[in-house]
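Trainee: Could you take a close look with me at one part of this model, the sheet with antiparallel pairing, and then show me how it connects to the rest?

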Amino acid sequence: MCGITGVFAFTEAGRNAQGRLPGAVAALHHRGPDAEGVYVHGPVALGHRRLALIAPSPAAHQPFTSSDGRYTLVFNGEIFNYGKLRKELEARGACFRTNSDTEVLLHLYARERQECLKKLTGFFALAIYDAVEESLFLARDRYGEKPLLYYKSADHFLFGSEMAALLQLGVPREVDYTSLYQYLQLTYVPAPASMLKNVKKLLPGQALIIQRNRVQEHTWYRLPFDGEKAAQNPLTYTQQQAKLRKLLQQAVSDRLVADVPVGAFLSGGLDSSVVVALAAQQVPRLKTYAVGFPEQPLFDETRYARLVATQYDTDHTELRLSTYDLYKSLSGMLDSLSEPFADSSALAVYALSKHVGQEMKAVLSGDGADELFAGYNKHRAEYLAQSGGMAAGAVRQLKFLWDALPKARNSFAANKVRQLQRFAAGASMAPAARYWFWATWQQETDALALLAPQHRASAQSRLCRARKNRLLDCVDKNFYNINNVLCADWQLVLANDMLPKIDLMGMANGLEIRSPYLDHRLVKFAFSLPGTSKIDGKQQKKLMRDTFQELLPPALHGRPKQGFEIPLRSFLQTEGKCLVNELLSDRYVAAQGIFDVQHTQRIRRQLYAENAAPVESTAWTLLVFQHWWQRYMS
């Protein structure tokens, strides 16, 4: 895989940023340790780092320029159907000098411009300079598998795969307090915003055209979701199973294509187990990798992963992590974040990717299946809230009890109480409010209270409400069922949490993580299905389970969703304690002037109290931000 960055200068002053391009390319070294390249022509400078998965011709190194010199491309991604596209282009007279998907993509763009994107199967972020028109075209894949950030001023347009590249190019370092407010609730900053003012993330399925000093925005892909039409899907359940089986098998086959061996993450859950079962039919002794926490059995699924590995005779490796092992990965993981990102499971993904990256350059994963087929616990809660009934009513009426009982994520009983309390609190809300409540880790009032008083007004502004309303567009519909929630999760959680997590942690260790569930043909099919095919009164991911049950060990049949988490509280109370006490100390917080000292003091106190309150997620979210601030802003 790769990292890309570049400059489009509008003025002579803007050309100064071109001189900083080597630093921006160096900041992306981890995304492409095998090679680098720089192209400068007139107002444009493009930079590229490359991780070799398919051995290209020597002339295919990027930036890649067309034979007539007109177009130059920097590209981060994989086009799985490039062989078919190449044959079509050759039939129309195109001549190729390499065997790469890069050249196919450039030929296709030269012929069809933006329309070429609709023909691509794969994932990408790209920039193409047209030397004749002196224009720059940028685009991002359908679902946001590959990142692209940008900044525009009167003097120049800057872009890069990560914030680190833009910081090297000289973007202003000013915190966006609306973004910080949402980050404290969600643990990430949803696109198109970023943690820095005026630095934006290109949305999935969007493209930009920059010419002179104008930036035009286009949406080339929209999630194909029509709730009313899906509810009336004419396919029988048996036909749905047959089509799902065919589409997922093809998606797995496509993502096994590489000149290097491709392995697979195997969590022990349904989604990755199905991927491994299908991949193992094509790859003898498929290399599989699982991560577990022997000190914390509640978070350890390795025994289930082992069952799948044994059934399919994979070359299986278990990475068993202690809290000390997590601590050893902490510095590298935090240093890989040039924007705050506080999904704590990223620490385990980083540790696993670091281990796997020493042996492999690409692995398959199960990301996206929960958002397609209703796999999260909140989907069960939403189904019950919509269905009503005596059980849901009883849980709501007992809210006073759940409020009083101990709640935590590190024991089965306390976690169940936590879930019951959240259900009781959210079930009586309107759909949009309920979705936001269940999607966030911290309520709005608590997140706002963490900010120093002078920042609260700018954080909770009309801009904040506008951003939130856009994120809730899928659930703010007249026709509403579980599919609306899945649509919202696809655009909020998947695009801004799950996909950045695997991209950032994988690329930090030179590892590409590919998920077959993100194949656009499979996604289109899944969103055409009625919610009743995905969840009912007995099980979640109903269609997935019924379709692939015969491929899995009996112990996985009907097994509830566990979720990929780390023992965060235990970690912060032991090996992580010194960092918490340093970065959340009263002295540091007061000097920084961003957070309210009394509230951060309360978080520290509650985290280490004898009967610790469930504040570990808040403490981690603050800790990640503080490390980022210390490294990039202070």
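**A close look at the antiparallel sheet**

Mentor: Let's start with one pair: Ala139 stands opposite Ala207 in E11. Bear in mind as we go that this is a predicted model. Right beside that pair, Leu138 faces Leu208 of E11. Both pairs belong to the ladder between strand E7 (residues 135-140) and strand E11 (residues 206-211), where five bridges hold an antiparallel arrangement.

Now step back to the sheet itself. It's an open one with six strands, and reading across you get E4-E5-E6-E7-E11-E12, with antiparallel pairing. The edges are strand E4 (64-65) and strand E12 (214-219), each of which pairs on one side only. As for what packs on this sheet, helix H3 (residues 101-112) does, touching E4, strand E5 (71-79), strand E6 (122-130) and E7. The direction of H3 makes about 125 degrees with that of E5.

Back to E11, on its way to the edge. E11 and E12 run antiparallel and are joined by six bridges. One pairing to pick out is Ile209, whose bridge partner in E12 is Gln216. The two strands form a hairpin with two residues between them, and Arg212 there takes a positive phi near 55 degrees.

So much for that end; E5 is where to look for a link to elsewhere. Glu78 and Arg514 meet through their side chains in a salt bridge, at 3.9 Å from N to O. Since Glu78 lies in strand E5 and Arg514 in strand E17, the pair ties together parts that are 436 residues apart in sequence. For the wider tally, the count of salt bridges comes to 38.

Follow Arg514 and you land in another sheet. That one is open too, with five strands in the order E15-E14-E13-E16-E17 and parallel pairing. Its edge strands are strand E15 (315-320) and strand E17 (512-514), each pairing on one side only. On average, neighbouring strands here are turned by 30 degrees against each other, direction ignored. Helix H11 (residues 345-357) packs on this sheet and touches strand E13 (262-265), E14, E15, strand E16 (362-364) and E17. The direction of H11 makes about 150 degrees with that of E14. At the E15 end, strand E14 (residues 287-292) runs parallel to E15, with six bridges joining the two. Within that ladder, Thr288 stands opposite His316 in E15.

One last stop, a helix pair. The axes of helix H13 (residues 377-387) and helix H17 (residues 431-439) come within 11 Å and cross at roughly 155 degrees. Anything over 145 counts as roughly antiparallel, and that makes H13 roughly antiparallel to H17. The crossing of H13 past H17 is right-handed. From H13, Lys378, Ala381, Glu382, Ala385 and Gln386 do the touching, and they meet Arg434, Tyr435, Trp438 and Ala439 in H17. Sort the residues of that contact by type and you get five nonpolar, one polar and three charged.

Notes. Residues are numbered from 1 along each chain as its sequence is written. This is a predicted model: local features need pLDDT of at least 70, side-chain atom pairs count only at pLDDT 80 or more; totals for chains, interfaces and linings use all residues. Side-chain values use heavy atoms; hydrogens and water are left out. Axes are lines fitted to C-alpha atoms, for helices over the stretch in contact, and angles run from 0 to 180 degrees between N-to-C directions. Helices (H or I, at least four residues) and strands (E, at least two) are DSSP runs, numbered from the N terminus. Angles under 35 degrees count as roughly parallel, over 145 as roughly antiparallel, 65 to 115 as roughly perpendicular and the rest as oblique. A crossing is left-handed if the near helix is turned anticlockwise from the far one by less than a right angle, and right-handed if clockwise. Contact means heavy atoms within 4.5 Å. Ala, Val, Leu, Ile, Met, Phe, Trp, Tyr, Cys and Pro count as nonpolar, Asp, Glu, Lys and Arg as charged, and the others, Gly among them, as polar. Two strands pair if DSSP finds at least two bridges between them. A salt bridge is a side-chain nitrogen of Lys or Arg within 4 Å of a carboxyl oxygen of Asp or Glu.
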